[in-house]
Each structure stands twice: as structure tokens, then as C-alpha cells.
Amino acid sequence: MESTGSRRGLEWLGLAGAAIYAAGVVLQALRPQLVGVAMPMRLIALTLFTVFAFRRRSLTGWIIWGMLAGVELGLDAPHVAIQTRVFSDIFLRLIKAIVAPLILGTLITGIAGHGEMRSVGRLGLKSLIYFEVLTTIALVIGLVAINVSKAGSGLGAVSQPVTAHSEMQVQTGPQPDSGLSWQQFLLHVFPENIAKSIADDQILQVAVFALIFGLALGRLREEHKAPLLRVAESLTQTMFAFTNIVMYLAPIGVGAALAYTVAHSGLGVMANLVKLLVTLYVSLIAFALLAMLPAALLARVPVRGFLSAIAEPATIAFATSTSEAALPRAMEAMEAFGVPRKIVGFVIPTGYSFNLAGSALYLAIASIFVAQAAGMHLGWKQQLFMLGVLMLTSKGVAGVPRAVLVVLLATASVFHLPEEPIFLILGIDALMDMGRTTVNVVGNCLASAVVAQWEGEFRKEAPAVEALAAITE
């Protein structure tokens, strides 16, 4: 067994490797002519981190190693890196195959096992109150940050050829659901065909079906309820085990995703976009310190234990920019942390539609950035009204890369903002998506712990063996 001193030395080795690597990346980005110095720095750092990953023997360490190796491949061999995207696509496909069955199993098991509609209603009300308060704080922080930094000011009249708009249409495709009215959104929440909802990755529809199914199952007599409840429990346990197997591919999938991103977009960006990027990350940090940390302290959630529990799902979210990729691991981690499965299975999937605080904060910043870039002055009343629109339009946005850009385009059309600055944001959207997706995932994990404390059920029952295995491997 490793001593405390050797373990601490190992952690410092990993930290040093990551820090030196980051310095090498920044050096090459700022001074491309010093590539002869920056590349050896990165290779030495990658070697140090490889030693750390081998000795640490944790999946999180290997995922971070995959991130560093992916960046290096994207910088040094971009033509090879672009072709590695297939490996990240394979990993994401396997993850997406887990999501719907896992939500079905956890929600049905939690609600049918709970058996009290009043308790489920109370749980939903508490969750929605928490979601709306945190989302409002995120929007306000984003609004204040972009008005202070004025990242879009001075960008001038932006002209973009028509082909950029055509490319955007091809990338996003026709998505009429992005600018939903409240009637359309309400209708869209309810499934008409559960198989179609699963096939289309409509997480909220799957959750609503599982909610009603669980309530119906809970109303049956024990002899009729028990067989289906056992099937749902078995499905949940199997999907947790399935997740553990798929997660061994995470370092490869994460590395391939970052290699493609770096090779495709490069490291150089314009000054205004760098300022926008810094504004977003400062805002996300401020949101974590001013909103999420106080929420955890007020609810008496153990902060250190929580940070340890969400380290792996947060890393996956940051590297893949996809909330779906982190969902199964996040649910396992929170159950192992002490949140009952019935609360995890209800709060986290619901939060994927109602608690995307990172995406909401980004939308506030990006919308005002577009107005600043166009030289339009928006008063506080106009900006607050815009935030109200964003509060509605951001609901139901899928946690997938660049989905919020469609909402941003819809918001720009409502307020007659130019579209050209939005296309410029595409240049750094992958980097911004990493941060906002991480906050989305961490925020939903925290929501489950806070609600569990409100319900008085935090760490009241032993987590499943599969969930414990997920965070100890």
C-alpha cells in the first residue's frame, strides 16, 4: 500500500506534468516561431504525466492523459488527428446507447419503489425551484460579466460570405424545436411513441414516460408490481455494469475528440474572441463560487467529497463537450456519494432540460456580445427582457455540442441582431462548450445532492455495489 508521502509526490508529478504541458501549448499559441522550444516542453510534460497515469492507476488519470495526448496529436500531426474522429464517435455512440435504458430503469425503480405520488410531486417542486433560482443567477452573472468586459466592442462591422451561413445550415440542420413557443415546448415534453423518443434521444420525453409508468406501477398490488419492478431493477444494475465496461474506452474517445478539435480549429483566435472566451470562463468560475458553492454549504453537502465524486464525469464533460457522455457516470457517482437512486434518477435527467446553467450563462454572454459587435446599445430593461426570453428558449436544449448556437440564432432573430458575429463565435465554440458543459453536469450533480438533503435522505441508504465500483476503479 502506498504511503501518504509517495502518494502526495505522485500527485505533484501529475500536476507538474499538466502545468508544463499547458505552458507549452500557450507558448506555441502566442509565439509560433518558438515551436522548437514548445514541442519538447510538451513531450517532456506528456512523459511525466504518462508515468503519473501508470502509477496512479485511475480512470480519471488516464482520461486526462488522453486529453493531453489528443492535443499533442492535433498539434503535431493534424492530418492524422482529423481521421481519428471515428474513435470519439464510437465512444459517444456507446454512451448514447446507455442513456435511455438507464433513465427508464432508474426512474421507474425509484418512483414505483417509492410508491407515494405526494412525495414525487414534492421532489419535483423542490427540484424546479432549485433549477430556476440557479439558472436566474447564471443569467445575471453572464449579463454583468459581458457588460464589464465589453468583449464585443470594437469588433466593427463584421462581414461574412454567404457560404458561412450555408455551412451553418448544413452543420445544424433544420431544427424547428430550437425556437419553441411555450405551447409547442409543453407539447414536445410528452411522448407519443416511447420507441421513437428513445430512438431520437429525447431525454425529457423518456423521463416523462418513465415517471408516469413508475407512478402507474406503484399503484398496483404487490403481486402485480413485483415482477416488473424486478425487471426495472435488473435493467438498472445491468446498465451500470454496461457503463463500467464502456468507460474503459473513455481515454481513447476523449483523446480522439480533442485531437480532431485542435487539428480542425487550431490554437490561434482573434483578440475579441479570446476576450469573449476569458469572459465566459471567469463567469463560470464566478457562478461556481457565488452560486453553487453557497448552495452546497447551505445544504451541508460535503464539498471535498462532492468534488472527488464528480471529478470523472466533469472530466468527461469537459473533454467531449457532451452532457450525455457524462450522464451515466454522473448518476453512478452521485449514488455512490450517498444520494438515493430514486432522487438521482429523477433530479439529474430532469436537470438536463431545466438546469443547464452553464448553457444559460453562455447564452446571456453571447447574445450581448453579438449586440456589442453590431454596435447596438441595449438598455438594462432590454437586456433583462432578453434574459427572460433566454430563460424560456434555453429549456429543453439537448446537452450536445453546439446545440445552444441554434437557440442563439433564434434569439438574434427575435431581437433583430445580426447573424455574422454568431458565425465568428463558431471559431471558439468548441473551447467554450467544454466549460459550459462541465458546469451543466456539475450543477445537475449538485442539484441531486441538495435535493437529497432537503428530503432528509442524503446518505440514509447504502449505494448499490455497481455504483460503488464505478468510482473506485
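Which residues in α15 meet which residues in α16? I opened the notebook with this question, and I note at once that the model I am reading is a predicted one.

**Entry 1, the α15 and α16 pair.** I looked up helix α15, residues 311-320, and helix α16, residues 323-337, and found that they pack at an angle of about 170°, with their axes 8 Å apart. Since an angle over 145 degrees counts as roughly antiparallel, α15 is therefore roughly antiparallel to α16. As for the opening question, I found Glu 312, Pro 313, Ile 316, Ala 317 and Thr 320 on the α15 side, and they meet Ala 325, Ala 326, Arg 329, Ala 330 and Ala 333 of α16.

**Entry 2, the whole chain.** I then stepped back to the protein as a whole, for which I noted 23 helices and zero strands. Of its 473 residues, 51% count as buried, and the protein exposes about 21,500 Å², of which carbon and sulfur atoms supply 67%. Among contacts with a separation of 6 or more, I recorded that 84% are accounted for by residues 24 or more positions apart.

**Entry 3, the length of α11.** How far apart are the end C-alpha atoms of helix α11? I worked from its 25 residues, 222-246, which at 1.5 Å a residue should span 36 Å, and the end C-alpha atoms turn out to be 35 Å apart, so the two values agree. I also listed the buried residues of α11, among them Leu 229, Thr 236, Met 239, Phe 240 and Val 246; Lys 225 and Asn 244 are on that list as well.

**Entry 4, Gln 372 and the loop after α6.** Is Gln 372, which I located in helix α18 (residues 357-373), buried or exposed? Its relative accessibility is 13%, and because the cut-off for buried is under 20%, Gln 372 counts as buried. A polar atom of its side chain lies 3.2 Å from the backbone oxygen of Ile 146. Leaving aside neighbours within four places in sequence, I found Gln 372 in contact with Ile 146, Asn 147, Lys 150, Ala 151, Gly 152 and Ser 153. One of these partners, Lys 150, sits in the loop between α6 (117-149) and α7 (162-172), and I looked it up separately. Its phi is near 50°, a positive value in a residue other than glycine, and with a relative accessible area of 43% Lys 150 is partly exposed.

**Entry 5, another positive phi.** I turned next to Arg 300, which is found in the loop between α13 (271-298) and α14 (303-309). Arg 300 has a phi near 60°, again positive in a residue other than glycine, and at 70% relative accessibility it counts as exposed.

**Entry 6, Asp 76.** Which residues does Asp 76 contact, once its neighbours within four places in sequence are left aside? I placed Asp 76 in helix α3 (residues 59-76) and found it in contact with Met 39 and Arg 42. With Arg 42 the side chain of Asp 76 forms a polar contact of 3.2 Å. At 34% relative accessibility, Asp 76 counts as partly exposed. I also noted that the C-alpha atoms of Asp 76 and Val 262, which are 186 residues apart along the chain, are separated by 10.0 Å.

Methods
Residues numbered from 1 in each chain as written. Predicted model: local features only at pLDDT ≥ 70, side-chain atom pairs only at ≥ 80, totals over all residues. Heavy atoms only, no water. Helix = DSSP H or I, 4+ residues; strand = E, 2+ residues; numbered from the N terminus. Buried < 20%, exposed > 50% of the residue type's maximum accessible area, 1.4 Å probe, protein only. Contact = heavy atoms within 4.5 Å. Areas by Shrake-Rupley, 256 points an atom, 1.4 Å probe, with all protein chains shown as cover. Expected span 1.5 Å × (residues − 1). Polar contact = N/O pair within 3.5 Å; in protein donor to acceptor, adjacent residues only side chain to side chain. Axes fitted to C-alpha atoms, helices over the stretch in contact; angles between N-to-C directions. Parallel < 35°, antiparallel > 145°, perpendicular 65-115°, else oblique.
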